[in-house]
Amino acid sequence: MGKRLFDRFPEYEAVADRVLGESVRALCLDDPDGRLNRTRWTQPALYVVNALACAAALAEEPGPDLLAGHSLGEYNALLAAGCFDFETGLRIVRRRGELMGEADGGAMLAVVGLAPDAVRALLDRCGAEDVDLANLNTATQVVVAGPARSMDVVRTAVRATPGARCVPLATSGAFHSRHMRAAQQRFAAFLDTVEFHPPRIPVIANVTGRPYPPDDVAGLLARQIAAPVRWHESLRELIRRGVTEAREFGPRPMLRPMWDSVVAESAADTETPATGHPVPVAPGAPAATPGPSPAAVSVPAVVPGPSAVGAAVPVPSDAPEPETVRDPAAARLGSAEFRHDHGLCYAYLAGSMFRGVSSVALVARLGRAGLRGYFGAGGLDLDTVEKAVTELARTPGLDGRYGVNLLHDLTHPGAEDALVDLLLRHDVRHVEAAAFTTVTPAVVRFRFSGAHRTADGTPVAVRTLVAKCSRPEVAAHFMAPPAPRLLHRLVAEGALTPAEADAAAGLPVAQDICVEGDSAGHTDGGVSLALVPTTAALAERLTARYGYARRLRVGACGGLGTPEAVAAAFVLGADFVVTGSVNQCSPQAGTSDAVKDLLAALDVQDTAYAPAGDLFELGSRVQVARKGTLFAARANKLHHLYRTHESLDDLDETTLTWLERDCLRAPLDQVWKQTCAYYRDTGRACELERAERDPRHRMALVFKSYFARTNRAAQEGDPTERANYQVHCGPAAGAFNRHVRGTALEPWRERHVERIADLLMTGAARVLKDRLAAYA
C-alpha cells in the first residue's frame, strides 16, 4: 500500500512513524509480522495512505466542492475538509483501531443480490435477531454484522436463497453494529478531548447520508462505529448535488462499481448539470471483499460550481423497495372481511398526520407492501394536496392502496367541500375522517358518490370512510345512515344523484369506526380499555337496529407502540388497528430529522396534553412531545390567558414581554399584520371582521399563529425554534423506543413504515399464541 507515495511525502511518513512508534512504510509494504490484517493496524495504515493519495490528487487538480469517505475513509474526507490536521487525525484513527480491535467474537458477511429489506426479512426468518445491517453499499449489496455463531446461520440462509450470494469478510469484530456500542462510548469520551473545526468543504456523513453539521463532527464520528455505513444514500446525495463523473485511485476498483450502479439507477430521475471540480471520496476497508484492504483509494467526482450546491432538487428515494409483508398468523388477526374490503394483507392502517407528516413517500411505501396509509392533508393548501394525490395515483404497485385525510375545520367549513371536490375529481376511493363531532354534507357526499344498488337491491358504496371518534355518541352518528333531510338536500343541490341517495339510505356513513384512545389526536383523554369494547357493543346493536347486511366494524388507535398493545386491542374486540405516533419516527415521515431525533429519544412518560391549534377556542386537546421542547407549557399558558382575559390589552407588561419574546418572537403589531394577511389570503376575511368586533377573538387569532409557526418550525427543523417545536405524539412512541432498544430498529433510519407494521402485527400474533399456550 502506498508504494509510490511514501518517497513523495516524507514529512507525512515521519509524523506517522512518530505517532505509531514504528515504520508505517514497513507495515504497508512488507508487513513482516502479518499485522496489517488486524484492525488496530489496518486503520492507521489506511488513513496514512489515503492521506498521501489525497495530497497527491490535490497537488495536481483543483480543490473539491464535496467530500465523502467509506467507513475509515471518512476520516480522510474530514482531514481534507480541514476538521483536523494529519497528526490529529492519525491519533484519532489509532485510538479507533485500538478500541474496535478489542471487540472479538464478531463477524461480518457481505450479501450480494438482495435489497436491504430482503436481507432484514431473511434475518427475521432465520432467527438472527442479534445480526445488524452494517454497510448499505448499494441497492443490492449489504454487509451484515453480528456474533460469529449467528453469521454461520445467516450464511446458510443466504446460500439457500435464489439469486443471492455471500462473502465472509476477514474482520475480527461486528463493526458498525450494536455490538460496538461499548467501543463507541469509550471512543466518544476520547473524542471529547479533541478539538474539531467546522468542515470548510461539505462532507457527506456515513451515519446520515447528508453533510456534516458544523458543530457535531465528534458526535457523528462516535456514532459511526456502531451505526450502519449509508454509502448508497451518500452516493445518492452526491448525485443529488450534481456529481456526474467519478474516478477511483487504487490498484483495483472497489468503490467504482458501487458508484456506477447508483448512477444507473438515478439516471432516470436526476438531471445532469455542467461539470466543475473533482471531489475526493476516500473509502475504508473494502466492504464486499475478504481479506485486508490492499490499497488506499480515492474517488474524485465532477460537480457543478458552488452556486449549484444546495439547490432545491427533488431527492429521489434511495430506500429499498419494501417486500409485501404477510405473516400467516398476523394475517389472521382482526376482521377477515375488513382485510378483504380494503385489499390489505393485515387488518392494519397507518393513520394520517397533520401537514403531510404522513407523506406521499410513507403512503406509497405502505401501499407497495400491501398495506394502506392516509396522506396527511390537514393544514395543507389544495394545490399541495392535488400534487400528492396525482403522484400517488401514478405510483406503480399501489393498486389503489392509498387514502387521504379529511380533517374537520369549524373555522373554515368551505375547505371541507373544496377538498371533497378535489378527491372526487381524482377518484380517490379511501378517506380517513378526523376531528368531526357530527356528520357533515361533505362527508356524506364523498362516501356515497358512485353508490348504487345491485340487481338484487343490495346497496353498495364504492368508497370507504374510516371515521376516527373518541366518543360513542359521535360514533353513533357515523354508524347510522345519513339523515333523510340531508340526503334530500344533497340531491336538490345536485351533489348526489337520486340513485346514490337511495343506496345511501341503506348504508352507514362509515362502515369502519376507529376509536381514538391515548393518541396524539383529538382524543378527549379517552381510554381504549373502556372505549373499544363500549363502541364494539354499540356497533353490534346498531347493525341489528338498521338491518345492515354487513356488520359495522370497530378499530382501535392510540397507544399502539408494542406488539403487546396491538394484541390487547384485538382482545378488546377491535376488527383492525390504526397506528400513528410510531410512524412519525420513520425515514418516510414528512418531518425534519431534528424531530425524528427528538422522537427516537422519548420514553413513555415524555408526552403532555396541550391545546389543539385548530380547536383552540373550544379547549380541545392533543398530546405532544414534552421532552426537548417547551411547546406544551407555553401552549397551555396561552390557553389559560385566553380563558382568563377578555383581550390582549388586559395582559400585564411582564406577560406581554414573555408573549413577544418567547412565543411570538416578534412585536404584537407585526404578528397581527401577518395574521391579517394570512386570513385574507385564505379567503377568511370574516374572521378579521369578527376580530374587530370581538377583542377576545382577536386574541385567539394571535395566539393561534403560535401554533401554526411552531408546527412549521418542527417540520422544517428550524434550529432557532427548537424550544418551540410542536410535535404531535402519544406515548406509543416511547413504548416503541423501549421495545426496539438493542435491535436493528433502534436507529430511526431503519424504521421503514412497513417494518414497523410487520413488527407490531407479527409480534402481536406471537404474544397471543404464547398467552393462549400459557393458559391452556
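Trainee: Hi! Which residues does Thr-535 touch, not counting those up to four places away in sequence?
Mentor: Thr-535 touches Ala-475, Met-479, Ile-513, Val-515 and Val-554 once residues up to four places away in sequence are left out. Keep in mind that this is a predicted model.

Trainee: Got it. Which helix does Thr-535 lie in?
Mentor: Thr-535 is part of helix H20, which covers residues 528-546.

Trainee: And is Thr-535 buried or exposed?
Mentor: Thr-535 counts as buried because its relative accessibility is 2%, and the cut-off for buried is under 20%.

Trainee: What about the rest of the protein, how much of it counts as buried?
Mentor: Of the 776 residues, 58% count as buried.

Trainee: Zooming out then, how many helices and strands are there?
Mentor: The protein has 30 helices and 21 strands.

Trainee: How does the radius of gyration sit with that of a compact globule?
Mentor: The two agree: the protein has 29 Å, and a compact globule with 776 residues would have a radius of gyration near 28 Å. Along the principal axes, the C-alpha atoms fill a box of roughly 90 × 70 × 50 Å.

Trainee: Back to contacts. Of those between residues at least 6 apart in sequence, how many join residues at least 24 apart?
Mentor: That share is 72% for this protein.

Trainee: New topic: what does the surface look like?
Mentor: About 31,000 Å² is exposed, and carbon and sulfur atoms supply 52% of that area.

Trainee: Last one, how many positive and negative side chains are there?
Mentor: There are 84 positive and 91 negative side chains. The centres of the two sets lie 3 Å apart.

Technical notes. Residues are numbered from 1 along each chain as its sequence is written. This is a predicted model: local features need pLDDT of at least 70, side-chain atom pairs count only at pLDDT 80 or more; totals for chains, interfaces and linings use all residues. Side-chain values use heavy atoms; hydrogens and water are left out. Helices (H or I, at least four residues) and strands (E, at least two) are DSSP runs, numbered from the N terminus. Buried means under 20% relative accessible area, exposed over 50%, partly exposed in between (1.4 Å probe, protein chains only). Contact means heavy atoms within 4.5 Å. The radius of gyration is taken over C-alpha atoms; the globule rule is 2.2 Å times the number of residues to the power 0.38. Accessible areas come from the Shrake-Rupley method with a 1.4 Å probe; for residues, only the protein chains shown count as cover. Lys and Arg count as positive and Asp and Glu as negative; His and the chain ends are not counted. The place of a charge is taken as NZ of Lys, CZ of Arg, CG of Asp or CD of Glu.
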